[in-house]
Amino acid sequence: MDPGKSTCPKAFSDSTIHVDVKDYYGKRLKQTSDLKTNACVAPVQPTPDFIRQALKKVHPEITARYYGCGLVVPECLEGCRILDLGSGSGRDCYMLSQLVGEKGHVTGIDMTDGQLELARTYVDHHMKEFGYKKPNINFVQGYIEALTEAGLENDSFDVIISNCVVNLSPDKRLVLTEAYKVLKDGGELYFSDIYSNGRLTEEIKNHKVLWGECLAGALWWEDLLQLAEKVGFSPPRLVTASVITVDNKELQDILGNFKFVSATYRLFKVPKGNTKNCKVIYNGGMTGAEDSFQFDCQYTFKANEVVEVDGEVANILTHSRFAEDFTFQPLGGPTGPCGVKPKAGIEDPFELALMLGVQGPASATGGCCSTQSAGCCK
């Protein structure tokens, strides 16, 4: 499909792909072990303690029906309003509801009745488990291509997450457009997904099992960069990436020479035009990143260290929820002995996955398979 093509009807309805995906996740898959590839399996990666503790409080039945390609937990979430695109059984929502606290709120949206029914069943259970007086979470029936039609208000969310779901949509531009609309100014779309090293053939895109397994709908990673710009987002910031292996000969034969990565990107809804480099100092103290904050694969900010950042990052930090966590200084004068100059960023997730595979696991808190080697999703 042309990445720039959008076929949004006035009243959104199921396409053949939507019907097939609903059937796959609502009827054919009963638990994680039913998946035929490892593309949509949570990584075996080091998980920060505060997230691990939050996950322990999620009901086992919710966790058993979890299909995700990464750990999608951006930083600085206290008090935020979060939307989870394709929330499924609600595992990420229930984990995030603890991180935003009682003053924050988490909304999950999904199109699959069975998954929503399961997620809603345990709302009261989890609120009691978390010690909350009233729910800070709700689940909405709807499509990720039609968020406003599902009743979600424009400019109402601080953060949108998605975990191995965007690839299941036949219209990625519409997904990004809707996400942009419901995000507040300064808001962030932080999501893990599957990407290919080229535009897939029609044979692959028409394969029902490969769609359900998160591969047939994978975007060529370069198309994501174009789509984000057309929709209005800041240039995507690549956080982490890892190679996906398909340990299924029949499916691999169909896929041929195409390769896949799971990758995490940050996209921000910030003003355009501010592209001047500046110096920033991370003040430290964010939960889970008290001493060091990995913004993306290019920038890791150590507390109290002066870092020169490029104009795009300066613009994001200035206009997003991270603004109060940084001290900003104009350029000019010597950088100083503790100053760090900006380095060239990596755009190609395959290049990053290869580099991280050589270097070995790092300490990233988020990401589709995070920073593990090529076999991390097994």
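Both R237 and D296 are buried, and in this predicted model the two residues form a salt bridge in which the closest N and O atoms are 2.8 Å apart. R237 belongs to strand β7, which covers residues 237–244, while D296 sits in the loop between β10 (292–294) and β11 (300–302), so the pair ties together parts of the chain that are 59 residues apart in sequence.

That contact is one of the 14 salt bridges that the structure holds. Another joins the side chains of K269 and D155, with a distance of 3.0 Å from N to O. Here too distant parts of the chain are linked, since K269 lies in the loop between β8 (260–268) and β9, whereas D155 lies in the loop between β3 (137–141) and β4 (157–163), and 114 residues separate them. The two partners sit in unlike surroundings: K269 has a relative accessibility of 8% and therefore counts as buried, because the cut-off for that class is under 20%, while D155, with a relative accessible area of 46%, is partly exposed.

A further salt bridge brings together the side chains of R321 and E188, at 2.8 Å from N to O. R321 is found in the loop between α12 (311–319) and β13 (326–329), and E188 in strand β5 (residues 183–196), so that this pair links distant parts of the chain, 133 residues apart. R321 counts as buried at 18% relative accessibility, a value that falls within the class because the limit is under 20%, and E188 is likewise buried, with a relative accessible area of 0%.

The contact between R321 and E188 also has a wider setting, as salt bridges that share partners join E75, E188, R266 and R321 into one network.

From these side-chain contacts the reader can turn to the pairing of strands. Strand β9, made up of residues 278–282, pairs with β12 in the antiparallel sense, over 4 bridges. Within this pairing, K279 has E308 of β12 as its bridge partner. Strand β12 itself runs over residues 306–309, and its side chains point in two directions, with V306 and E308 on one side and V307 and V309 on the other. All four of these residues are buried, and E308, the bridge partner of K279, is thus among the buried residues of the strand.

Note on methods:
Residues are numbered from 1 along each chain as its sequence is written. This is a predicted model: local features need pLDDT of at least 70, side-chain atom pairs count only at pLDDT 80 or more; totals for chains, interfaces and linings use all residues. Side-chain values use heavy atoms; hydrogens and water are left out. Buried means under 20% relative accessible area, exposed over 50%, partly exposed in between (1.4 Å probe, protein chains only). Two strands pair if DSSP finds at least two bridges between them. A salt bridge is a side-chain nitrogen of Lys or Arg within 4 Å of a carboxyl oxygen of Asp or Glu.
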